[in-house]
Amino acid sequence: MKPIVRRIALVAAATAALTGVVQLPWVQPATTSQALTGAGSVTELQITGRAGVPNNAAAVVLNLTALDSTTAGFVTAYACGSALPDVSNLNYVPGGAAIANSATVPIGTGGKVCLYTSSATNLIADINGWYPAGSDFTPTTPTRLLDTRPTRTDPGAVTELQITGRAGVPTTATAAVINLTALDSTTAGFVTAYPCGSALPNVSNLNYVPGGTAIANSATVPIGTGGKICLYTSSATNLIADINGWYPTGSDFTPTTPTRLLDTRSTAATPSSAEFVATFDNDTGLEAFDTFVYHREGGSGEWVGDHDRSCGPPDP
């Protein structure tokens, strides 16, 4: 069946042209909220001439959001005028939950990108920037480089993914823009993408949950030894990797060793062997404890408060 085609344009806010990727202020998103997309439909999204994007722009950085989906499905973003590629940029679940992912997409015929939705969903697209023709970033036709199905990766496994020499990526490329998807996971876990030949960094690019739910995220990854990137999976999962573009040697973009710069989680140290431990026969009296600590003298005598005794001793 031929896909249904819809045409939607971004509401614009002009910006001055810069070199490399051009960052934009927030703009009103294009949205299909008037009606859900049809299953198997293609939405044509006008990019050039909107939000300050010129006619010679080669690629665009979008944030895609799906919500109110009728069934599980996926979005494929690609250059209009080219064939629908066998890749995905965003995976969504039924219901009202909004799920988002970033995508760097080549701009196609008429200055448009096409958004294929495999099942009915509301779709939002926000633009964050664009690459001019001749920029350091080279967009590729979205291409699937890895799909482990039906064999899951092992817990703690590292998958070496060849990047150079595939999808038009030369041996001089220094970094790749890929979309990672995890699904059919046995337990919750994460994926770390890093250059092969370097140590596994303490970072994550994608976090996933148990079950069949597919979860995706975009990642820009330095290319390592042998033109490969390494994908560490902390637990057993199926893993998909699609490439969207690459950076050459000498580009304005300088890849770094992936490094964690922020983690707001508690960094309290694990208690040492010197921690206080109290035991109670059959937990007698334990349910009466307030916020203060008491102990029995000799294990069976009167209750004695170790700190503030203002709350009184526990019940006998």
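The accessible surface of the protein chain comes to about 15600 Å², of which 53% belongs to carbon and sulfur atoms. The model from which this value was computed is a predicted one. Of the 316 residues in the protein chain, buried residues make up 45%. The secondary structure comprises 20 strands and zero helices. Among contacts between residues at least 6 apart in sequence, 77% join residues at least 24 apart.

Two open sheets of four strands were examined in detail. In one of them the strands follow the order β11-β18-β13-β16 with antiparallel pairing, and β11 and β16 form the edges, each pairing on one side only. Neighbouring strands of this sheet are turned by 20° against each other on average, direction ignored. Within it, β13 and β16 are joined in the antiparallel sense over eight bridges, and Ala176 has Val221 of β16 as its bridge partner. In the other sheet the order is β12-β17-β14-β15, again with antiparallel pairing; here the edge strands, each of which pairs on one side only, are β12 (157-162) and β15. The twist of this sheet averages 20° from one strand to the next. Between β12 and β17, which run antiparallel, there are six bridges, and the partner of Val158 in β17 is Tyr232.

Strands of both sheets contribute to the largest nonpolar core, as described next. This core has 23 residues, and those with the most contacts inside it are Leu161, Ile163, Ile178, Leu180, Ile229, Leu231 and Ile243. At least two of its residues are supplied by each of β11 (138-147), β13 (173-183), β14 (189-195), β15 (206-208), β16 (215-222), β17 (228-233) and β18 (238-248), with the largest share, five residues, coming from β13. In soluble globular proteins, nonpolar side chains tend to be buried together. When residues up to four places away in sequence are not counted, Ile163 touches Leu145, Val169, Ala176, Ile223, Gly227, Lys228, Ile229 and Ile243. Apart from this core lies another, of 22 residues, among them Ala51, Leu62, Val75 and Val113.

Ala51, a member of that second core, is located in the loop between β4 (41-46) and β5 (57-67). Its relative accessible area is 0%, so Ala51 is buried, and its phi is positive, at about 55°, although the residue is not a glycine. A positive phi, of about 60°, is also found at Asp68, which is likewise not a glycine. Asp68 lies in the loop between β5 and β6 (73-79) and, with a relative accessible area of 34%, is partly exposed.

Thr104, in strand β8 (residues 99-106), is a buried residue, because its relative accessible area of 11% falls under the 20% limit. Leaving out residues up to four places away in sequence, Thr104 touches Val60, Val61, Tyr131, Phe137, Val177 and Asn244.

A further set of contacts links the loop between β11 and β12 to residues elsewhere in the chain. Pro150 is found in this loop, and the peptide bond that joins Arg149 and Pro150 is cis, with omega about 5°. Arg149 is also approached by Asn238, a residue of strand β18: a polar atom of the Asn238 side chain lies 3.5 Å from the backbone nitrogen of Arg149. Asn238 counts as buried because its relative accessibility is 3%. Its contacts, leaving aside neighbours within four places in sequence, are with Thr148, Arg149, Pro150, Thr151, Arg152, Thr181, Ala182, Leu183 and Asp184.

Arg152, one of the residues in contact with Asn238, is likewise found in the loop between β11 and β12. At 41% relative accessibility, Arg152 counts as partly exposed. The side chain of Arg152 reaches the backbone oxygen of Asp184 at 2.4 Å, and, not counting residues up to four places away in sequence, Arg152 touches Asp184, Thr186, Ala236, Thr237 and Asn238. Arg152 and Leu183 are 31 residues apart in sequence, while their C-alpha atoms are 9.2 Å apart in space.

Terms used
Residues numbered from 1 in each chain as written. Predicted model: local features only at pLDDT ≥ 70, side-chain atom pairs only at ≥ 80, totals over all residues. Heavy atoms only, no water. Core = buried A, V, L, I, M, F, W, Y, C linked by side-chain atoms within 4.5 Å. Buried < 20%, exposed > 50% of the residue type's maximum accessible area, 1.4 Å probe, protein only. Contact = heavy atoms within 4.5 Å. Areas by Shrake-Rupley, 256 points an atom, 1.4 Å probe, with all protein chains shown as cover. Polar contact = N/O pair within 3.5 Å; in protein donor to acceptor, adjacent residues only side chain to side chain. Pairing = 2+ DSSP bridges. Axes fitted to C-alpha atoms, helices over the stretch in contact; angles between N-to-C directions.
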